[in-house]
Amino acid sequence: MNTTKQEEIEEKLSMMRRWLERYGASAIRLRGVDWFAWATAGGSNAVLLSAETGVAELLVTATDAHILTDEIEAQRLKDEEVPEGWNWQIVPWAELERREQFVASAAGGVVLSDRPAAQELSLPCEARMERLVLSASEQERYRQVGRLAATAMSEVMRAARPDWTEFALAGAGAQALWLRGLH
């Protein structure tokens, strides 16, 4: 079965809403780069590759699913990273307290989070483990990434020369991966 990104996202939203019921929460707030990619079927909120969190986060309630970001990043995320179907809560980058006000208002109760802050609670272990089971579409995405990475590195190894330093080889490998959208 070939699942579209939108179908995959709907399945994940349904899963998160079951977690809301199961754990008696009002909202799930996802900040991590890993969770953002999972919930958006491969989208990225990363700007700094070494950071655990990105420039956008997700808030899922029983009835709504929001992308929370600032006005500097919103259009790029819409154009390049996030499939349609999400509600957008966009605030000026210097007024992040407005994001917190929105979360409090939209959630109206207990908030579970992958990276909890303030009054939020950590996502239960069972929910985190449930996320680790790969769907058919996720498995296919991993296969595609594997093929792209193998092609990139095979290309680099064929081009490598005995006088290259370890850094030159690593740089060529990184370039080949980045040219294919792999980080």
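This passage walks through the predicted model, from its overall layout to its first helix, its cores, a few single residues and its largest pocket.

The protein is built from 7 helices and 6 strands. Read from one end of the sequence to the other, these elements follow the order α-β-α-β-β-α-β-α-β-β-α-α-α. Along the principal axes, the C-alpha atoms fill a box of roughly 60 × 40 × 30 Å. Of the 183 residues, 37% count as buried. Contacts across the sequence are well represented: among those with a separation of 6 or more, 55% join residues 24 or more positions apart.

Helix α1 is a good place to start. It covers residues 5-23, and at 1.5 Å a residue its 19 residues should span 27 Å; the C-alpha atoms at its two ends are indeed 27 Å apart, so expectation and model agree. Its buried residues are E8, I9, K12, L13, M15, M16, W19 and L20. These residues cover an arc of only 160° around the axis, which means that they lie on the same side of α1. The general geometry of helices helps in reading such a list, because an α-helix has 3.6 residues a turn and residues three or four places apart therefore point the same way. The partners of the buried residues of α1 are β1 (27-32), α2 (33-39), β2 (53-61), β3, α5 (125-131) and α6 (136-159). Just after the helix comes G24, with a positive phi near 65°.

Helix α1 also takes a leading part in the nonpolar interior. The largest nonpolar core has 26 residues, and those with the most contacts inside it are M16, W19, I28, L30, W86 and L123. At least two residues of this core come from each of α1, β1, α2, β2 and β3, and α1 gives the most, with 6 residues. One of the well-connected members, M16, touches I28, L30, W38, A39 and V60, leaving aside residues up to four places away in sequence. Apart from this core lies another, of 7 residues, including L59, F102, V103 and V111.

Strand β3 (residues 65-70) holds H66. With a relative accessible area of 9%, H66 falls under the 20% limit and is therefore buried. Beyond residues up to four places away in sequence, H66 touches E57, L58, L59, W86, N87 and F102. Among these neighbours, W86 is one of the residues with the most contacts in the largest core, while L59 and F102 belong to the other core.

Two alanines deserve a closer look at their backbone. A41 is not a glycine, yet its phi is positive, about 60°. A118, also a residue other than glycine, has a positive phi near 50°. Their settings can be described in turn. A41 lies in the loop between α2 and β2, and its relative accessibility of 0% means that A41 counts as buried. A118 sits in the loop between β5 (111-113) and β6 (121-122), where a relative accessibility of 80% makes A118 exposed.

Finally, the largest pocket holds about 1100 Å³ of space. Its lining comprises 32 residues, with A37, G42, G43, S44 and V145 lying nearest its centre. Two or more lining residues come from each of α1, α2, α3 (74-80), α6 and α7 (166-179). The element that gives the most to this lining is α6, with 6 residues.

Methods
Residues are numbered from 1 along each chain as its sequence is written. This is a predicted model: local features need pLDDT of at least 70, side-chain atom pairs count only at pLDDT 80 or more; totals for chains, interfaces and linings use all residues. Side-chain values use heavy atoms; hydrogens and water are left out. Helices (H or I, at least four residues) and strands (E, at least two) are DSSP runs, numbered from the N terminus. Buried means under 20% relative accessible area, exposed over 50%, partly exposed in between (1.4 Å probe, protein chains only). Contact means heavy atoms within 4.5 Å. The expected span of a helix is 1.5 Å times one less than its number of residues. The arc is that of the directions from the helix axis to the C-beta atoms. A nonpolar core is a set of buried Ala, Val, Leu, Ile, Met, Phe, Trp, Tyr and Cys residues joined through side-chain atoms within 4.5 Å. On a 1 Å grid over the protein atoms alone, a cavity is a set of points where a 1.4 Å probe fits but cannot get out, and a pocket is an open set with protein on both sides within 12 Å along at least five of seven lines; lining residues have an atom within 4 Å of a point. Grid points are joined across faces, edges and corners, and a volume is the space filled by probe spheres set on the points.
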